[in-house]
Amino acid sequence: KRTLLPLLRDEASAFIFPCHPALQRPELKHMVMELLRCIPLLLFLIFVCGLDHFIFSVLSIIQNHSFVQYSYQTSHHMSVTVMGTSLMAQLLRSTIGALNTSFDTQVETSNLACLPKPHGMTREQYLSTCLPLAALALLCLAQVYPFRLRRAIAAFYFPKREKTRVLFLYNKLLRQRKNFFQLQRKRVAQRARQPPGLGTSLLEWCSQHWPWLRRCRRRSCTLCGTPGTPWHQVCPAPGCGALYCDRCW
């Protein structure tokens, strides 16, 4: 019977392993989409903070350079003197003398009550404003771990549905692997038909004349490109010499 284990590198990258602590490729795609949704909120927050700072600067300039103070001072002295000792002079002194007045007026006023009194936001207030967005970004990074429990919870409550899903996934991977191998065979055959380049021919010629250079030559798997190791398999076909890792072989 055909089996799936071990998984190929391309197949393993499409799955989420719950016990793996690092973020995996499907989770990274979902996490990036969630972080992109936070960008409009970040731009709006930057716009609001910038507008607040701009308005505060304008009001501060108005407060510092539009202060006007008025000072008004006046004096009024009126004195009527009636000379003489006659009855008429005494009568005039008693009547007109009441008009003698003297007063000084000094008024100081300003437009201080009409000027704006802005209060800029402190660093702590700016920090408390940005903290919810930072917490939202951290939740986008940390939500991948609780999301791994969804399949386990669904499998616990719906075991028959879980079995159906596993069988469907198994058959799907079998079909994908069959198509993958057919595609890779065509790819390797097409690469083999191509004439070797100048650098490859030069390396082959040097390796034939100086066999010790083969140790310095770095080879990799023909399919997945993993660096060569002693466990890699060499194609036994004469004149081929293609190198494959254990999984691709």
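Me: How should I read residues 219–249, and what are the helix and strand shares there?
Reply: Helices (H or I, at least four residues) and strands (E, at least two) are DSSP runs, numbered from the N terminus. Over residues 219–249 the chain is 0% helix and 13% strand, with the end C-alpha atoms 15 Å apart. This is a predicted model, where local features need pLDDT of at least 70, side-chain atom pairs count only at pLDDT 80 or more, and totals for chains, interfaces and linings use all residues. Residues are numbered from 1 along each chain as its sequence is written, and side-chain values use heavy atoms, leaving out hydrogens and water.

Me: Is H232 buried or exposed?
Reply: Buried means under 20% relative accessible area, exposed over 50%, and partly exposed in between (1.4 Å probe, protein chains only). H232 has a relative accessible area of 13%, so it is buried. You will find H232 in the loop between α8 (198–209) and β3 (233–234).

Me: Which residues does H232 touch?
Reply: A contact means heavy atoms within 4.5 Å. Leaving aside residues up to four places away in sequence, H232 touches C221, T226, P227, L243, Y244 and C245.

Me: And where does L51 sit?
Reply: L51 belongs to helix α2 (residues 25–65). L51 counts as partly exposed because its relative accessibility is 39%.

Me: How much of the protein is buried?
Reply: Buried residues make up 17% of the 249 residues. Overall, the secondary structure comes to eight helices and four strands.
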